[in-house]
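Open the model in your viewer, keep the selection tool at hand, and follow the stops below in order. At each stop you will be told what to select and what is there.

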Amino acid sequence: SPERMSEYGAYGERASAALEHEHGFLREMHMEEVDNPNRRLVYQVWEDKKCRQQFARSPRWVRVPSQVLVGPAATGFYHLIAGVQLREPEPGVCVLDRELRVGNGHQDEYETIERGLCALAKDQPGFVSRRILKFLGNDTSYLRVSVWMSWGAVEHWRTTVEYQCENAALADAVVWTEARRYRVRSVLP
């Protein structure tokens with residue numbers, strides 16, 4: 001809620017501080033949606049699902065203050081399928097995430113193509129990182145998270161012949177959803 005943004009900011013600081021020495025915690029990115037600056041997204045990376053669940057049940061867990069969120073907070077757990085990172089994400093970089101569903105029986109084909117796209121993306125100007133994640137609990141649901149220095153770098157990548165050819169190869173196996181654009185506000189650590 002726009003009028004509760006300062007409360008949300010204070011909550012975010014307390015919640016991030018609680019993570020610093022937590023067993024199994026690896027990284028956290030706080031982002032705001034480009035098209036709706038009041039919408040926030042937090043990506044956390046943990047060694048495994050169990051570590052995150054134990055933390056959520058511990059007294060160190062920091063709960064969101066009541067009435068700060070307009071909609072319910074949602075948590076999804078994913079397994080890393082493929083990824084490449086050239087540098088650490090930093091505040092101000094651009095994140096494009098896209099949920100997608102792969103036709104049953106096409107998972108191996110999809111994952112192979114995405115690994116190829118990871119290898120191709122790393123040589124592009126403005127590239128930061130790219131991860132392909134599979135939803136735990138449904139082996140046909142994936143999340144693609146691409147991090148770039150600017151939206152211009154993203155658009156340049158999307159117009160390359162390599163991207164268009166590999167992406168076209170996915171057409172028969174994948175149902176795309178709308179991509180969401182975010183800007184990184186903070187990164188821990």
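Begin by selecting the residues that line the largest cavity, which by class are 6 nonpolar, 1 polar and 4 charged. In this classification Ala, Val, Leu, Ile, Met, Phe, Trp, Tyr, Cys and Pro count as nonpolar, Asp, Glu, Lys and Arg count as charged, and the others, Gly among them, count as polar. The residues to select are Leu96, Arg98, Arg130, Arg144, Ser146, Trp148, Val154, Trp157, Arg158, Tyr163 and Ala179. What you see is a predicted model, in which local features need pLDDT of at least 70 and side-chain atom pairs count only at pLDDT 80 or more, while totals for chains, interfaces and linings use all residues. Residues are numbered from 1 along each chain as its sequence is written, and side-chain values use heavy atoms, with hydrogens and water left out.

The space in this largest cavity is about 120 Å³, and the count comes to 1 cavity of 30 Å³ or more. Cavities and pockets are found on a 1 Å grid over the protein atoms alone: a cavity is a set of points where a 1.4 Å probe fits but cannot get out, a pocket is an open set with protein on both sides within 12 Å along at least five of seven lines, and lining residues have an atom within 4 Å of a point. Grid points are joined across faces, edges and corners, and a volume is the space filled by probe spheres set on the points. Strand E4, strand E6 and helix H4 (151–158) each supply at least two residues of the cavity lining. Helices (H or I, at least four residues) and strands (E, at least two) are DSSP runs, numbered from the N terminus.

Next, select strand E4 (residues 94–102) together with strand E6 (residues 141–148), which run antiparallel and are joined by 8 bridges. Two strands pair if DSSP finds at least two bridges between them. Within this pair, Arg101 stands opposite Ser141 in E6. Now add strand E7 (residues 174–188), which pairs with E4 in the antiparallel sense over 8 bridges, and find Val95, which stands opposite Tyr182 in E7.

While E7 is selected, pick out Arg180, which lies in this strand. Is Arg180 buried or exposed? Arg180 counts as buried because its relative accessible area is 17%, where buried means under 20%, exposed over 50% and partly exposed in between (1.4 Å probe, protein chains only). The side chain of Arg180 makes a polar contact of 3.2 Å with the side chain of Glu99 and another, of 3.3 Å, with that of Tyr182. A polar contact is a pair of N or O atoms within 3.5 Å; within protein, one must be able to donate a hydrogen and the other to accept it, and residues adjacent in sequence count only if both atoms are side-chain atoms.

Move on to the second largest pocket, which holds about 200 Å³ of space. Select Met5, Tyr8, Gly9, Gly12, Glu13, Ser16, His30, Met31, Arg40, Arg185 and Ser186, which line this pocket. Which element gives the most to the lining? Helix H1 does, with 6 residues, and H1, E1 and E7 each supply at least two. By class, the lining divides into 3 nonpolar, 5 polar and 3 charged residues.

From that lining, keep His30, which lies in strand E1 and is buried, with a relative accessible area of 13%. The side chains of His30 and Ser16 are joined by a polar contact of 3.4 Å. Leaving aside neighbours within four places in sequence, the residues in contact with His30 (heavy atoms within 4.5 Å) include Tyr8, Gly12, Leu41 and Arg185. Another lining residue, Met31, has Leu41 in E2 as its bridge partner. E1 and strand E2 (residues 40–46) pair in the antiparallel sense over 7 bridges, and they form a hairpin with 6 residues between them.

For the last stop, select Glu22, placed in the loop between helix H1 (5–19) and strand E1 (25–33). Glu22 is buried, at a relative accessible area of 12%. Not counting residues up to four places away in sequence, Glu22 touches Trp46, Phe55 and Arg60, and a polar contact of 2.9 Å joins the side chains of Glu22 and Arg60. The C-alpha atoms of Glu22 and Phe55 are separated by 7.5 Å, although these residues are 33 residues apart along the chain.
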